Amino acid sequence: MKALDWSNIGFGYRKTDYNVRCRYSNGKWGEIEVSSEETLNIHMAATCLHYGQEAFEGLKAFRGKDGKVRIFRLEANAERLQSTCDGILMPQVSTELFREMVAKVVTLNKDYIPPYESGASLYIRPLLIGTSAQVGVHPAEEYLFIIFVTSVGPYFKGGFSTNPYVIIREYDRSAPLGTGRYKVGGNYAASLRANQLAHEKGYSCEFYLDAKEKKYIDECGAANFIGIKDNTYVTPLSTSILPSITNRSLQQLAKDMGMKVEQRPILEEELSTFEEAGACGTAAVISPIERIDDLERGTSYVFAKDGKPGPVCTKLYNKLRAIQYGDEPDTYGWVTVLDI
Ligand code: PLP
Ligand code: COI
(Lines give C-alpha, C1' and ligand atoms only; values in the text may rest on other atoms or scores of the structure.)
(Ligands and ions follow the chains in the order given, each with its own letter.)
Protein backbone atom coordinates (compact mmCIF):
# COMPACT_ATOMS: atom_id res chain seq x y z
CA MET A 1 0.00 0.00 0.00
CA LYS A 2 0.97 3.65 -0.52
CA ALA A 3 2.00 5.52 2.63
CA LEU A 4 -0.78 7.87 3.69
CA ASP A 5 -0.49 11.20 5.42
CA TRP A 6 -2.48 9.72 8.31
CA SER A 7 -2.93 12.94 10.25
CA ASN A 8 -4.46 14.77 7.30
CA ILE A 9 -6.86 12.29 5.76
CA GLY A 10 -10.51 13.32 5.75
CA PHE A 11 -13.66 11.18 5.92
CA GLY A 12 -13.93 9.43 2.58
CA TYR A 13 -13.54 6.21 0.62
CA ARG A 14 -10.03 4.93 0.09
CA LYS A 15 -9.38 1.56 -1.47
CA THR A 16 -8.09 -1.19 0.78
CA ASP A 17 -7.01 -4.73 -0.14
CA TYR A 18 -10.00 -6.86 0.83
CA ASN A 19 -13.69 -6.92 1.60
CA VAL A 20 -15.73 -9.81 2.97
CA ARG A 21 -19.03 -11.08 1.63
CA CYS A 22 -21.73 -13.52 2.59
CA ARG A 23 -24.78 -14.52 0.56
CA TYR A 24 -28.22 -15.47 1.77
CA SER A 25 -30.32 -17.87 -0.27
CA ASN A 26 -32.71 -20.75 0.35
CA GLY A 27 -33.42 -19.35 3.79
CA LYS A 28 -29.84 -19.38 5.11
CA TRP A 29 -26.52 -17.59 5.13
CA GLY A 30 -23.62 -19.22 3.22
CA GLU A 31 -19.87 -19.20 3.78
CA ILE A 32 -17.85 -16.02 4.24
CA GLU A 33 -15.95 -15.09 1.08
CA VAL A 34 -12.93 -12.81 0.87
CA SER A 35 -12.80 -10.54 -2.18
CA SER A 36 -10.43 -7.96 -3.65
CA GLU A 37 -13.08 -6.67 -6.07
CA GLU A 38 -14.48 -3.22 -5.39
CA THR A 39 -17.50 -3.78 -7.62
CA LEU A 40 -20.59 -5.98 -7.44
CA ASN A 41 -22.28 -7.88 -10.20
CA ILE A 42 -25.98 -7.79 -9.41
CA HIS A 43 -29.22 -8.26 -11.29
CA MET A 44 -30.74 -5.10 -12.75
CA ALA A 45 -34.07 -5.99 -11.11
CA ALA A 46 -32.53 -6.48 -7.63
CA THR A 47 -34.83 -5.16 -4.90
CA CYS A 48 -32.06 -2.97 -3.45
CA LEU A 49 -32.01 -0.95 -6.67
CA HIS A 50 -35.75 -0.47 -7.07
CA TYR A 51 -37.38 -0.74 -3.69
CA GLY A 52 -34.62 0.36 -1.37
CA GLN A 53 -33.99 -2.94 0.37
CA GLU A 54 -30.65 -1.71 1.59
CA ALA A 55 -29.24 -1.30 5.06
CA PHE A 56 -25.85 -0.26 6.32
CA GLU A 57 -23.90 0.24 9.50
CA GLY A 58 -20.88 2.27 10.51
CA LEU A 59 -18.36 1.49 13.21
CA LYS A 60 -14.67 2.05 13.79
CA ALA A 61 -11.45 0.26 14.70
CA PHE A 62 -8.65 2.11 16.50
CA ARG A 63 -4.96 1.29 16.87
CA GLY A 64 -3.90 1.85 20.49
CA LYS A 65 -0.64 3.02 22.03
CA ASP A 66 -0.12 -0.62 23.02
CA GLY A 67 -0.33 -1.65 19.36
CA LYS A 68 -3.63 -3.49 19.85
CA VAL A 69 -6.66 -2.85 17.70
CA ARG A 70 -9.98 -2.00 19.32
CA ILE A 71 -13.35 -2.18 17.60
CA PHE A 72 -15.94 -0.01 19.29
CA ARG A 73 -19.39 -1.43 20.15
CA LEU A 74 -19.47 -4.16 17.56
CA GLU A 75 -22.39 -5.98 19.23
CA ALA A 76 -24.50 -2.81 19.47
CA ASN A 77 -23.99 -2.22 15.74
CA ALA A 78 -24.94 -5.82 14.99
CA GLU A 79 -28.12 -5.38 17.04
CA ARG A 80 -29.03 -2.15 15.27
CA LEU A 81 -28.56 -3.86 11.91
CA GLN A 82 -30.87 -6.64 13.13
CA SER A 83 -33.48 -4.04 14.03
CA THR A 84 -33.09 -2.45 10.57
CA CYS A 85 -33.49 -5.90 8.99
CA ASP A 86 -36.79 -6.34 10.82
CA GLY A 87 -37.83 -2.84 9.76
CA ILE A 88 -37.51 -3.48 6.02
CA LEU A 89 -38.08 -7.24 5.96
CA MET A 90 -34.57 -8.49 5.35
CA PRO A 91 -33.12 -11.60 6.99
CA GLN A 92 -31.14 -10.78 10.15
CA VAL A 93 -27.38 -11.12 10.24
CA SER A 94 -26.57 -12.84 13.53
CA THR A 95 -24.23 -11.12 15.96
CA GLU A 96 -21.83 -14.10 15.56
CA LEU A 97 -21.68 -13.76 11.76
CA PHE A 98 -21.33 -9.98 12.07
CA ARG A 99 -18.49 -10.38 14.58
CA GLU A 100 -16.63 -12.94 12.50
CA MET A 101 -16.86 -10.85 9.34
CA VAL A 102 -15.82 -7.61 11.06
CA ALA A 103 -12.82 -9.28 12.72
CA LYS A 104 -11.83 -10.86 9.41
CA VAL A 105 -12.03 -7.72 7.29
CA VAL A 106 -10.16 -5.65 9.89
CA THR A 107 -7.45 -8.29 10.22
CA LEU A 108 -7.04 -8.64 6.45
CA ASN A 109 -6.67 -4.87 6.10
CA LYS A 110 -4.64 -4.23 9.23
CA ASP A 111 -2.06 -2.16 7.33
CA TYR A 112 -4.79 0.41 6.73
CA ILE A 113 -5.51 1.00 10.42
CA PRO A 114 -4.02 4.42 11.08
CA PRO A 115 -1.31 4.64 13.76
CA TYR A 116 -2.26 5.76 17.28
CA GLU A 117 -0.55 9.15 17.02
CA SER A 118 -2.52 10.22 13.94
CA GLY A 119 -5.89 10.36 15.69
CA ALA A 120 -7.40 8.70 12.60
CA SER A 121 -9.18 5.33 12.52
CA LEU A 122 -10.46 2.55 10.31
CA TYR A 123 -14.12 3.02 9.38
CA ILE A 124 -16.00 -0.25 8.96
CA ARG A 125 -18.99 -0.19 6.61
CA PRO A 126 -21.29 -3.24 6.64
CA LEU A 127 -23.84 -3.23 3.81
CA LEU A 128 -26.81 -5.53 3.31
CA ILE A 129 -28.77 -5.57 0.04
CA GLY A 130 -31.66 -7.49 -1.49
CA THR A 131 -30.32 -9.06 -4.68
CA SER A 132 -33.04 -11.20 -6.19
CA ALA A 133 -34.78 -10.02 -9.33
CA GLN A 134 -38.29 -8.82 -8.68
CA VAL A 135 -40.65 -6.34 -10.24
CA GLY A 136 -43.52 -6.61 -7.79
CA VAL A 137 -43.04 -4.80 -4.49
CA HIS A 138 -42.05 -7.66 -2.18
CA PRO A 139 -39.00 -8.47 -0.11
CA ALA A 140 -36.21 -10.31 -1.95
CA GLU A 141 -35.44 -13.95 -1.44
CA GLU A 142 -31.70 -13.50 -1.84
CA TYR A 143 -29.37 -11.06 -0.10
CA LEU A 144 -25.74 -10.05 -0.07
CA PHE A 145 -23.97 -8.86 3.05
CA ILE A 146 -20.65 -7.11 2.46
CA ILE A 147 -18.24 -5.38 4.78
CA PHE A 148 -15.56 -3.05 3.51
CA VAL A 149 -13.23 -0.76 5.43
CA THR A 150 -11.58 2.56 4.72
CA SER A 151 -9.05 4.67 6.65
CA VAL A 152 -10.65 7.90 7.85
CA GLY A 153 -9.83 11.14 9.61
CA PRO A 154 -12.32 13.65 11.04
CA TYR A 155 -15.82 13.91 9.51
CA PHE A 156 -15.74 17.69 9.48
CA LYS A 157 -12.69 19.61 8.27
CA GLY A 158 -10.91 20.97 11.31
CA GLY A 159 -11.74 17.97 13.55
CA PHE A 160 -12.99 18.83 17.03
CA SER A 161 -14.20 22.37 16.44
CA THR A 162 -17.58 24.09 16.37
CA ASN A 163 -19.87 24.20 13.36
CA PRO A 164 -22.92 26.29 12.41
CA TYR A 165 -26.25 24.51 11.67
CA VAL A 166 -29.45 25.74 10.09
CA ILE A 167 -33.02 24.59 10.69
CA ILE A 168 -34.55 23.40 7.41
CA ARG A 169 -38.34 23.25 7.25
CA GLU A 170 -38.70 22.60 3.53
CA TYR A 171 -37.65 18.95 3.65
CA ASP A 172 -38.11 16.12 6.14
CA ARG A 173 -35.60 13.36 6.57
CA SER A 174 -38.11 10.87 7.94
CA ALA A 175 -41.65 10.56 9.27
CA PRO A 176 -42.69 9.63 12.84
CA LEU A 177 -43.74 6.12 11.80
CA GLY A 178 -41.33 5.89 8.88
CA THR A 179 -37.84 4.48 8.55
CA GLY A 180 -35.85 7.16 10.38
CA ARG A 181 -35.06 4.80 13.23
CA TYR A 182 -33.46 2.34 10.80
CA LYS A 183 -30.17 2.79 9.02
CA VAL A 184 -31.45 2.53 5.44
CA GLY A 185 -30.17 4.39 2.40
CA GLY A 186 -33.53 6.03 1.67
CA ASN A 187 -33.21 8.26 4.74
CA TYR A 188 -29.96 9.64 3.40
CA ALA A 189 -31.41 10.18 -0.08
CA ALA A 190 -34.19 12.14 1.64
CA SER A 191 -31.57 14.29 3.40
CA LEU A 192 -29.52 15.31 0.36
CA ARG A 193 -31.60 18.34 -0.67
CA ALA A 194 -31.73 19.70 2.86
CA ASN A 195 -27.99 19.21 3.19
CA GLN A 196 -27.32 20.96 -0.10
CA LEU A 197 -29.57 23.85 0.90
CA ALA A 198 -27.72 24.21 4.22
CA HIS A 199 -24.37 24.29 2.41
CA GLU A 200 -25.63 26.87 -0.09
CA LYS A 201 -26.61 29.08 2.81
CA GLY A 202 -23.10 28.78 4.25
CA TYR A 203 -23.76 26.23 7.02
CA SER A 204 -21.91 23.01 7.80
CA CYS A 205 -25.07 20.99 8.10
CA GLU A 206 -28.86 20.93 8.19
CA PHE A 207 -30.93 20.61 11.35
CA TYR A 208 -34.32 18.84 11.39
CA LEU A 209 -37.43 19.50 13.42
CA ASP A 210 -40.00 16.72 13.87
CA ALA A 211 -41.85 16.15 10.61
CA LYS A 212 -45.37 16.18 12.06
CA GLU A 213 -45.51 19.37 14.10
CA LYS A 214 -42.21 21.10 13.31
CA LYS A 215 -41.99 21.97 16.99
CA TYR A 216 -39.47 19.55 18.41
CA ILE A 217 -35.79 18.90 17.79
CA ASP A 218 -35.18 15.80 15.71
CA GLU A 219 -31.76 15.21 14.14
CA CYS A 220 -28.65 17.19 13.31
CA GLY A 221 -27.92 16.08 9.76
CA ALA A 222 -26.68 12.49 10.09
CA ALA A 223 -26.11 12.76 13.83
CA ASN A 224 -28.10 12.91 17.09
CA PHE A 225 -28.51 16.17 18.98
CA ILE A 226 -27.27 16.60 22.54
CA GLY A 227 -27.77 19.68 24.70
CA ILE A 228 -26.07 20.45 28.01
CA LYS A 229 -27.42 22.66 30.81
CA ASP A 230 -27.47 22.65 34.61
CA ASN A 231 -25.27 19.55 34.81
CA THR A 232 -27.84 17.73 32.64
CA TYR A 233 -27.38 15.91 29.34
CA VAL A 234 -30.54 16.27 27.24
CA THR A 235 -31.23 14.41 24.00
CA PRO A 236 -34.43 14.03 21.94
CA LEU A 237 -36.88 11.19 22.33
CA SER A 238 -38.31 10.65 18.87
CA THR A 239 -39.39 7.73 16.70
CA SER A 240 -37.91 9.31 13.59
CA ILE A 241 -34.27 9.52 14.64
CA LEU A 242 -31.56 6.88 14.42
CA PRO A 243 -30.76 5.40 17.85
CA SER A 244 -27.12 6.51 17.96
CA ILE A 245 -24.70 4.17 19.66
CA THR A 246 -22.37 7.10 20.33
CA ASN A 247 -25.23 8.91 22.05
CA ARG A 248 -25.96 5.87 24.24
CA SER A 249 -22.28 5.63 25.16
CA LEU A 250 -22.04 9.34 25.95
CA GLN A 251 -25.15 9.12 28.14
CA GLN A 252 -23.41 6.48 30.22
CA LEU A 253 -20.24 8.56 30.48
CA ALA A 254 -22.27 11.65 31.43
CA LYS A 255 -23.92 9.66 34.25
CA ASP A 256 -20.49 8.48 35.37
CA MET A 257 -19.43 12.13 35.55
CA GLY A 258 -22.35 12.81 37.88
CA MET A 259 -24.61 14.42 35.31
CA LYS A 260 -28.34 13.86 34.96
CA VAL A 261 -29.43 12.36 31.64
CA GLU A 262 -32.79 13.15 30.05
CA GLN A 263 -34.15 11.65 26.85
CA ARG A 264 -37.35 13.51 26.05
CA PRO A 265 -39.02 15.71 23.45
CA ILE A 266 -37.17 19.04 23.15
CA LEU A 267 -39.08 22.07 21.92
CA GLU A 268 -37.18 24.29 19.51
CA GLU A 269 -37.44 27.21 22.00
CA GLU A 270 -35.58 25.20 24.60
CA LEU A 271 -32.47 25.54 22.44
CA SER A 272 -32.03 29.03 23.90
CA THR A 273 -31.48 27.50 27.35
CA PHE A 274 -28.57 25.15 26.57
CA GLU A 275 -25.07 26.07 27.65
CA GLU A 276 -23.53 23.72 25.09
CA ALA A 277 -24.79 21.63 22.21
CA GLY A 278 -23.32 18.95 20.01
CA ALA A 279 -24.02 16.54 17.17
CA CYS A 280 -22.92 13.01 17.99
CA GLY A 281 -22.18 9.93 15.93
CA THR A 282 -19.50 7.43 15.01
CA ALA A 283 -17.98 9.66 12.36
CA ALA A 284 -17.50 12.76 14.52
CA VAL A 285 -17.86 11.41 18.12
CA ILE A 286 -19.11 14.86 19.16
CA SER A 287 -19.13 17.75 16.79
CA PRO A 288 -19.78 20.79 19.00
CA ILE A 289 -22.40 23.15 17.61
CA GLU A 290 -21.45 26.80 17.32
CA ARG A 291 -25.00 27.95 16.64
CA ILE A 292 -28.30 26.85 15.14
CA ASP A 293 -30.02 29.47 13.00
CA ASP A 294 -33.77 29.53 12.37
CA LEU A 295 -33.88 31.80 9.34
CA GLU A 296 -37.68 31.78 9.14
CA ARG A 297 -38.06 33.05 12.68
CA GLY A 298 -34.95 35.21 12.51
CA THR A 299 -33.56 33.48 15.61
CA SER A 300 -30.03 32.33 16.25
CA TYR A 301 -29.37 29.93 19.13
CA VAL A 302 -25.72 30.42 20.01
CA PHE A 303 -23.77 27.88 22.06
CA ALA A 304 -20.16 28.84 21.46
CA LYS A 305 -19.70 32.62 21.43
CA ASP A 306 -15.92 32.36 21.12
CA GLY A 307 -16.17 29.52 18.58
CA LYS A 308 -14.58 27.09 21.05
CA PRO A 309 -16.07 23.74 22.13
CA GLY A 310 -17.58 23.90 25.64
CA PRO A 311 -16.04 22.14 28.67
CA VAL A 312 -18.64 19.35 29.00
CA CYS A 313 -18.56 18.37 25.31
CA THR A 314 -14.75 18.46 25.45
CA LYS A 315 -14.65 16.22 28.52
CA LEU A 316 -17.12 13.73 27.03
CA TYR A 317 -15.28 13.71 23.72
CA ASN A 318 -11.91 13.08 25.36
CA LYS A 319 -13.30 10.36 27.61
CA LEU A 320 -14.95 8.44 24.76
CA ARG A 321 -11.87 8.72 22.54
CA ALA A 322 -9.68 7.51 25.41
CA ILE A 323 -11.81 4.36 25.75
CA GLN A 324 -11.79 3.81 21.99
CA TYR A 325 -7.99 4.06 21.75
CA GLY A 326 -7.43 2.01 24.90
CA ASP A 327 -5.95 4.87 26.92
CA GLU A 328 -8.61 4.34 29.58
CA PRO A 329 -10.16 1.09 30.81
CA ASP A 330 -13.18 -0.32 29.00
CA THR A 331 -15.39 -0.80 32.05
CA TYR A 332 -18.59 -1.52 30.09
CA GLY A 333 -17.25 -4.14 27.67
CA TRP A 334 -17.71 -1.82 24.69
CA VAL A 335 -14.49 -2.77 22.99
CA THR A 336 -13.47 -5.89 21.02
CA VAL A 337 -9.69 -6.18 21.19
CA LEU A 338 -7.77 -7.76 18.31
CA ASP A 339 -4.10 -8.62 18.80
CA ILE A 340 -3.07 -8.04 15.18
N1 PLP B 1 -28.13 9.69 13.11
C2 PLP B 1 -27.94 9.35 11.83
C3 PLP B 1 -28.98 9.71 10.83
C4 PLP B 1 -26.78 8.66 11.45
O5 PLP B 1 -26.56 8.31 10.18
C6 PLP B 1 -25.83 8.33 12.43
C7 PLP B 1 -24.63 7.60 12.07
O8 PLP B 1 -24.53 6.43 12.14
C9 PLP B 1 -26.07 8.71 13.76
C10 PLP B 1 -27.23 9.39 14.06
C11 PLP B 1 -25.12 8.36 14.83
O12 PLP B 1 -25.19 7.01 15.16
P13 PLP B 1 -23.95 6.23 15.74
O14 PLP B 1 -23.54 6.96 16.96
O15 PLP B 1 -24.46 4.88 16.04
O16 PLP B 1 -22.91 6.25 14.70
C1 COI C 1 -21.85 8.72 11.63
O2 COI C 1 -21.10 7.75 11.68
O3 COI C 1 -21.98 9.48 12.57
C4 COI C 1 -22.57 8.98 10.39
O5 COI C 1 -23.44 9.78 10.38
C6 COI C 1 -22.13 8.25 9.22
C7 COI C 1 -22.52 8.86 7.92
C8 COI C 1 -21.35 8.81 6.99
C9 COI C 1 -23.69 8.12 7.37
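**Exercise 1. Find which atoms hold polar contacts with ligand 1, starting from I245.**

Step 1. Start at the backbone: an N or O atom of I245 lies 2.8 Å from an oxygen atom of ligand 1. That's a polar contact (a pair of N or O atoms within 3.5 Å; within protein, one must be able to donate a hydrogen and the other to accept it, and residues adjacent in sequence count only if both atoms are side-chain atoms).

Step 2. Now try side chains. Y188 puts a side-chain N or O atom 2.5 Å from an oxygen atom of ligand 1, and S244 has one at 2.6 Å from an oxygen atom of ligand 1.

Step 3. Check the cover. On its own, ligand 1 exposes 380 Å², and the protein buries 95% of that (Shrake-Rupley method, 1.4 Å probe; for residues, only the protein chains shown count as cover).

Keep in mind that this is a predicted model, where local features need pLDDT of at least 70 and side-chain atom pairs count only at pLDDT 80 or more, while totals for chains, interfaces and linings use all residues. Residues are numbered from 1 along each chain as its sequence is written, chains are lettered from A and ligands numbered from 1 in the order in which they are written, and side-chain values use heavy atoms, leaving out hydrogens and water.

**Exercise 2. Work out which residues surround ligand 2, and where ligand 2 lies relative to the domains.**

Step 1. List the neighbours, meaning residues with a heavy atom within 4 Å. They are F11, Y123, R125, Y155, K183, Y188, A222, G281, T282 and A283.

Step 2. Sort them: six are nonpolar, two polar and two charged. Here Ala, Val, Leu, Ile, Met, Phe, Trp, Tyr, Cys and Pro count as nonpolar, Asp, Glu, Lys and Arg as charged, and the others, Gly among them, as polar.

Step 3. Look for backbone partners. Oxygen atoms of ligand 2 come 2.7 Å from a polar backbone atom of A222, 3.2 Å from one of T282 and 2.9 Å from one of A283. The protein covers 87% of the 290 Å² of accessible area that ligand 2 has on its own.

Step 4. Place it. Domain 1 (6-152) and domain 2 (163-325) both give residues to this shell, so ligand 2 lies between them. Those bounds come from an automatic or database domain assignment.

**Exercise 3. Describe the largest pocket: its volume and its lining.**

Step 1. Get the term straight. On a 1 Å grid over the protein atoms alone, a pocket is an open set of points with protein on both sides within 12 Å along at least five of seven lines, whereas a cavity is a set where a 1.4 Å probe fits but cannot get out; lining residues have an atom within 4 Å of a point.

Step 2. Read off the space: about 870 Å³. A volume is the space filled by probe spheres set on the points, which are joined across faces, edges and corners.

Step 3. Check the lining. It has 44 residues, with Y155, K183, Y188, A222 and A283 nearest the centre. By class, that's 22 nonpolar, 15 polar and seven charged.

Step 4. See what's inside. Ligand 1 sits in the largest pocket (more than half of its atoms lie within 2 Å of the grid points).
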